[in-house]
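Got your viewer open? Let's take a walk through this protein, one selection at a time.

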Amino acid sequence: MIFGNINQLNEFSFLEKAVKECFDYAKEQDLSSFEPGKHEIDGDRLFVNIVEYTTKTPEERFWEAHKNYLDVHVMLCGTEQIDLNFIQNMELKEFVEADDFLPMEGEANSHVILTDKDFLICYPSDAHRTAVKVGEPQTIKKAIFKVQIL
């Protein structure tokens, strides 16, 4: 996992080309004006899901990871905690290939708090539990870029 802010992208020159494409797209587009849903960039190779939801307690949320895509979370509006661990520390459930969804159970060993323009890159070994409230529940808007792993 990699945590940062899009205003400091010069510090992340080591990122994969496809991940850099996500940030280029985010700079070129007004993502906050996009309607929620899937927006294709380059077919299945690269697309962005715009989501809006209300944050909740950790007990109301679920753990996930992905095998076929990297997640690049970019906060557009609001504050959200994302709990983190590595999948080898979790109890893995059955992988849902059609949704590229690996459910699991376990505990957080760390977390990040995303605010405007912060990003979190989650790789296949990164278990993450999104939409955890910081303080009172709030509605957030976020871009989740999906980068196909070849």
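Before we start, a bit of vocabulary: Ala, Val, Leu, Ile, Met, Phe, Trp, Tyr, Cys and Pro count as nonpolar, Asp, Glu, Lys and Arg as charged, and the others, Gly among them, as polar. Keep in mind, too, that this is a predicted model.

**Stop one: the second largest pocket.** Select Ile6, Ala26, Lys27, Gln29, Asp30, Leu31, Ser32, Val74, Met75, Leu76 and Lys117, and you have its lining. How do these residues divide by class? There are six nonpolar, two polar and three charged. Colour α1 and β5 next, since each supplies at least two residues of this lining; β5 gives the most, with three. The space here comes to about 160 Å³.

**Stop two: the largest pocket.** Now pick Asn49, Glu64, His66, Ile144 and Lys146, which lie nearest the centre of this pocket among its 23 lining residues. About 370 Å³ of space lies here. Show β3, β5, β11 (126–132) and β12, each good for at least two lining residues, with β3 giving the most, at five. By class, the lining has eight nonpolar, six polar and nine charged residues.

**Stop three: the largest nonpolar core.** Select Phe23, Val72, Phe119, Ile121 and Phe145: of the 25 residues in this core, they touch the most other members. Then bring up α1 (17–28), β3 (46–54), β5 (69–77), β10 (118–122) and β12 (139–148), the elements that give two or more residues to the core. Which one gives the most? That's α1, with six residues.

**Last stop: Ile121.** Zoom in and leave aside its neighbours within four places in sequence; Ile121 is in contact with Met1, Ile2, Leu15, Val19, Phe23, Asp71, Val72 and Asp126.

Technical notes: Residues are numbered from 1 along each chain as its sequence is written. This is a predicted model: local features need pLDDT of at least 70, side-chain atom pairs count only at pLDDT 80 or more; totals for chains, interfaces and linings use all residues. Side-chain values use heavy atoms; hydrogens and water are left out. A nonpolar core is a set of buried Ala, Val, Leu, Ile, Met, Phe, Trp, Tyr and Cys residues joined through side-chain atoms within 4.5 Å. Buried means under 20% relative accessible area, exposed over 50%, partly exposed in between (1.4 Å probe, protein chains only). Helices (H or I, at least four residues) and strands (E, at least two) are DSSP runs, numbered from the N terminus. Contact means heavy atoms within 4.5 Å. On a 1 Å grid over the protein atoms alone, a cavity is a set of points where a 1.4 Å probe fits but cannot get out, and a pocket is an open set with protein on both sides within 12 Å along at least five of seven lines; lining residues have an atom within 4 Å of a point. Grid points are joined across faces, edges and corners, and a volume is the space filled by probe spheres set on the points.
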